[in-house]
Amino acid sequence: MHWRKLCICCAAALFCMPFSAAESVLSVSAEQSAESESGDFASKFPDKFSADDTVIVTADSYKSHDVNIQMSRHFIGRLNGDVNESLNVDINDAVLLCKLLSEQSEYTFGADGILNADCNNDDLISAQDLMLLLDYLDGSLLSVDFFTNPTITYHVADIYIRDIRSLRGAFAKGTFPEKGSAQLESIKKMASDNNALFAINCDYCEIRANGITFRNGVMYRETKRAEVAVIYKNGVMDVLTDAEYRNLTEEEKAEIWQTTAFAPGLVKDGVQMTGFRGSTYVELHPRSGIGYYEPGHYCFVQVDGRQPGYSDGVSVEQFAEIMYGLGVQEAYNMDGGSSSEIVFMGQTYNHPSGIKTGSSGGRNNSDILYICNLDEIPEDTAAAAWYEKLAAESAASAEP
């Protein structure tokens, strides 16, 4: 991936590359329409973008003329044995615990007076805690439950974009995956193939035949689904019921840029949604979701799970609480479980889980949402193939 920045007019010229002739079934390509009607969100956020060709990259942030991404990790719960609260139980914890016991440290405990130094959870901090920790670190104690409370580790990508075209969708292997096609790739592979600065799993649309699926202004599927999150070309995001979506006019549907249709909605008009039912909603699992503040300002949130001590995961209700706590106006739940994965600057940022509790590795998927610079927008091969398919179907139906 290259970081050379071009001026906006050059990016626009590259962006308007023609699709297949089969696209003549439509009067104008969706991406060309998006280009002409999307606003310059940067005027609302004057301090969020580089004023020139400067690109600033750290381990947890990226800033350019087009995009501003700030990553952060958050931890809820108490991890006993992790004396310095680094989310790891390591030799540094043992050193600090030694200092605590010999009163050579100014380290203070939490409000409960115990916090993470009480390794054996007996409400005391003693030599027994130190011995337990040392035995665990030198391998003579192979398994120990340091974790006294449910723990949640989640990641937030706070994202500003200059232009809606930087918020994109892509499919595995570059074409729309029909149900049961097994057209899957890793999140990291899809991110790399599409010049993504940031990518997250989306709907796993290959696993079902229903839902509203728009990617980069192109509609691939329009079948009933309980709720859908719609992002328009003007940057606005709405969580809609199926009935609300059906009430959209054709002109309004023509303004849709992206959708995600896994369900359910989490925040609507600034109000946290509640009353989630069903075992998969109330159980603790990894989760992924998208939040909306205002046009040009979004967040993606990913909760790790099925990894006791590091992160147990959350219910959908808890996920809605996290989203609401971030202050978003709209939020929506995407595919979770082993699909739940973030890739930032080419590397997996979270700790994806396996299908079973305690396993790891994540799984291949069928689709992503991602962020990229305007001059690095790839050719939309999925749209080209889709238009060719529509043209072929139209020609076949016209035959006598």
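In the predicted model, nine strands form an open sheet in the order β1-β2-β3-β4-β15-β14-β16-β12-β13, and the pairing is antiparallel. The edges are taken by β1 (56-58) and β13 (271-272). Each of these edge strands has a single partner, so one side of each lacks a neighbour in the sheet. For β1, three bridges link the strand to β2 (residues 61-63) in the antiparallel sense. Within this pair, Val57 has Tyr62 of β2 as its bridge partner. In general, strands of a sheet pair through backbone hydrogen bonds, either parallel or antiparallel.

Strand β15 (residues 297-303) of this sheet contains Gln302. Gln302 has a relative accessible area of 0% and is therefore buried. Its side chain is engaged in a polar contact with the side chain of Ser340, at 3.0 Å. Beyond its neighbours within four places in sequence, Gln302 touches a series of residues. Among them are Thr153, Tyr154 and His155, as well as Ile200, Arg287 and Ser288. Glu341, Ile342 and Asn350 are also in contact with Gln302.

Strand β9 (residues 227-232) pairs with two strands, β10 and β11. Six of the six residues of β9 are buried, so the strand is largely enclosed by the rest of the structure. Glu227, Ala229 and Ile231 point one way from β9. Val228, Val230 and Tyr232 point the other way. Burial thus applies to both sets of side chains, because six of the six residues are buried.

The pairing of β9 with β10 (residues 237-241) is antiparallel and comprises five bridges. Ile231 lies opposite Met237 of β10. The two strands form a hairpin, with four residues between them. In the turn, Gly235 adopts a positive phi of about 95°. With β11 (residues 256-260), β9 makes four bridges, again in the antiparallel sense. Here Val230 has Thr259 of β11 as its bridge partner.

Two helices were examined for burial. In α4 (residues 127-137), the buried residues are Asp129, Leu130, Leu132 and Leu133. Viewed down the axis of α4, these buried residues fall within an arc of 165°, so they line one face of the helix. An α-helix has 3.6 residues a turn, so residues three or four places apart point the same way. The face of α4 turned away from the buried side carries Ala127 and Gln128, both exposed. The buried residues of α4 pack against α3 (91-101). Just after α4, Gly139 takes a positive phi of about 90°.

Helix α10 (residues 381-398) has 18 residues. At 1.5 Å a residue, the helix should span 26 Å. The C-alpha atoms at its ends are 26 Å apart, which agrees with the expected span. Buried positions in α10 include Ala382, Ala383 and Ala384. Trp386, Tyr387 and Ala391 of α10 are buried too.

Cysteines were considered next. A disulfide is a covalent bond between the sulfur atoms of two cysteines. A search of the whole structure returned zero disulfides. For Cys202, the closest cysteine sulfur belongs to Cys205. The separation is 7.6 Å, too far for a bond. Cys202 has 0% relative accessibility and counts as buried. Cys119 also counts as buried, at 1% relative accessibility.

Conventions
Residues numbered from 1 in each chain as written. Predicted model: local features only at pLDDT ≥ 70, side-chain atom pairs only at ≥ 80, totals over all residues. Heavy atoms only, no water. Buried < 20%, exposed > 50% of the residue type's maximum accessible area, 1.4 Å probe, protein only. Arc of directions from axis to C-beta. Contact = heavy atoms within 4.5 Å. Pairing = 2+ DSSP bridges. Expected span 1.5 Å × (residues − 1). Disulfide = S-S within 2.5 Å. Polar contact = N/O pair within 3.5 Å; in protein donor to acceptor, adjacent residues only side chain to side chain.
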